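Me: I would like to go through the terms used for this model one at a time and ask, for each, what justifies the word.

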Amino acid sequence: MYTQALNTAETADRDLEDAGKAAQFQARIDAEERIEPNDWMPAAYRKTLTRQISQHAHSEIVGMLPEGNWITRAPTLRRKAALLAKVQDECGHGLYLYAAAETLGSSREELVDAMLAGKAKYSSIFNYPTLTWADIGTIGWLVDGAAIMNQIPLCRCSYGPYARAMIRVCKEESFHQRQGYEIMVTLCRGSEEQKAMAQDALNRWWWPVLMMFGPPDATSQHSDTSTKWKIKRFSNDELRQKFVDATVPQAQYLGLTIPDPGMIQDADGHWRYSEIDWTEFKQVLAGNGPCNRDRMAARRKAHEEGAWVREAAASYAAKRARRQTAQAAE
Amino acid sequence: MATPNTPLWEVFIRSRNGLAHKHVGSLHASDATMALQAARDIYTRRGEGLSIWVVPSSAITASDPAEKGMMFEPAESKIYRHPTFYEVPEEVGHM
């Protein structure tokens, strides 16, 4: 999902760790206890979660870019206010998640610097462009819809700070999906051109959205450890299927066609989709998607151009602190 | 160049329903004024609170989770502190 680059598991370095503590830790997980920042945890658990939560945070922050692109061009004031609020929410989600990641021992600055240096990943989905207004509707409907599918089980993740951050995120995410679907309903009830624009956006976003759930279970080695540690509650393919089953009727209501001629509904009601082009997914993750360079350039520019604000705030705080110390000494 | 670290603050919010301030999360800010403003933007975008406290994280003293057995033992063994420990005849009714 937002952390789909995590295909390689952190192998637990059992030799170096206290086997008794590790067993006790697993027993707590099995008993559905929450692990808190100061509790003992295996180094691999800490490392996996730091990577997963920080990637999730980077995704929220980079995710502001494709949508921010349309704030000044939203068709009405109502749409503009809603989109602005949604993009602010994404920023807030990034900040909740960074705070959760920091409880594992990395500083905010280290996490942000790793992303800016290209060492940490973010979700592949944000490397696709938003070409028309219909893309904003489609992102809310499908990208946020897929994110909700993935994030609801994360509310029960074994790591307390992550689970609590996800509860806040999920409460806010529902507005995002509804505002997106409302845009789609409006376009589909509009002129022929508007409906064609909606169909075009669905055509371009459908497959990248399915890729958001990560590689198929057969090739994802990462899942085993994460499942054992109750970081992950459902497999990539299970969540993807759930999403497809929920989305097909929504597309039918809009009168839009899912761009998968091979899709069929099987006897137990599930919509079976065709083979996903995993080469495209790997290319985008490797940095060769349509917007990877733009996204990184925009993040670096924002960070560099904000440097003077951080410096000014820090030097003002230092000056005030000096003054207070001097006054106290008088 | 690595970005210099900005201090960490813990955020507490009192909601509308008259409850006490409750911990909601943390944030980074260079001073208390900026921490309050950031707390408003990050944690009260939907009218979640009527009052915000921000506290430097470094000012918090916490109990050690590894010692929780010893720390909370005095309360574990005193079931007579709970009302259900006492028997009141049924005829007396609700008490």
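Me: Why is A:Glu32 called partly exposed?

Reply: In this predicted model, A:Glu32 has a relative accessible area of 39%, and since buried means under 20% and exposed means over 50%, the residue falls in between and is therefore called partly exposed.

Me: What makes the contact between A:Glu32 and A:Arg233 a salt bridge?

Reply: The closest N and O atoms of A:Glu32 and A:Arg233 are 3.0 Å apart, and because the criterion asks for a side-chain nitrogen of Lys or Arg within 4 Å of a carboxyl oxygen of Asp or Glu, the pair qualifies as a salt bridge.

Me: Why can this pair be said to tie together parts of chain A that are 201 residues apart in sequence?

Reply: A:Glu32 lies in the loop between helix H1 (19-30) and helix H2 (43-62), while A:Arg233 lies in the loop between helix H9 (223-228) and helix H10 (236-254), so the salt bridge joins parts that are 201 residues apart in sequence.

Me: What is noted about the phi of A:Glu32?

Reply: A:Glu32 is not a glycine, and yet its phi is positive, at about 60°. Most residues other than glycine have a negative phi. A:Lys230, in the loop between H9 and H10 of chain A, likewise is not a glycine and has a positive phi, of about 55°.

Me: Is A:Lys230 buried or exposed, and how do you know?

Reply: The relative accessible area of A:Lys230 is 18%, and because buried means under 20%, A:Lys230 is called buried.

Me: What makes A:Glu36 and A:Arg164 a salt bridge, and which parts of the chain does the pair link?

Reply: Their side chains meet at 2.9 Å, N to O, and because the limit is 4 Å, the pair counts as a salt bridge. The pair links distant parts of the chain, with A:Glu36 in the loop between H1 and H2, A:Arg164 in helix H7 (residues 160-188), and their positions 128 residues apart. A:Glu36 has a relative accessible area of 25% and A:Arg164 one of 46%; because values from 20% to 50% are neither buried nor exposed, each is called partly exposed.

Me: How do you know whether A:Arg79 and A:Glu182, which form a salt bridge, are buried or partly exposed?

Reply: The closest N and O atoms of this pair are 2.5 Å apart, and the pair links A:Arg79 in helix H4 (residues 77-102) to A:Glu182 in helix H7, 103 residues apart. A:Arg79 has a relative accessible area of 13%, under the 20% limit, and is therefore buried, whereas A:Glu182, at 32%, is above that limit but not over 50% and is therefore partly exposed.

Me: Why are A:Glu67, A:Lys86, A:Glu90 and A:Asp144 described as one network?

Reply: The salt bridges among these residues share partners and in that way join them into one network. A search of the whole structure finds 21 salt bridges over all chains.

Me: What makes chain A as compact as a globular protein of its length?

Reply: Chain A has 13 helices and two strands. Its radius of gyration is 22 Å, close to the 20 Å that the globule rule gives for 330 residues, so chain A is as compact as a globular protein of that length. Of these 330 residues, 52% count as buried.

Notes. Residues numbered from 1 in each chain as written. Chains lettered and ligands numbered in written order. Predicted model: local features only at pLDDT ≥ 70, side-chain atom pairs only at ≥ 80, totals over all residues. Heavy atoms only, no water. Helix = DSSP H or I, 4+ residues; strand = E, 2+ residues; numbered from the N terminus. Rg over C-alpha atoms; globule rule 2.2 N^0.38 Å. Buried < 20%, exposed > 50% of the residue type's maximum accessible area, 1.4 Å probe, protein only.
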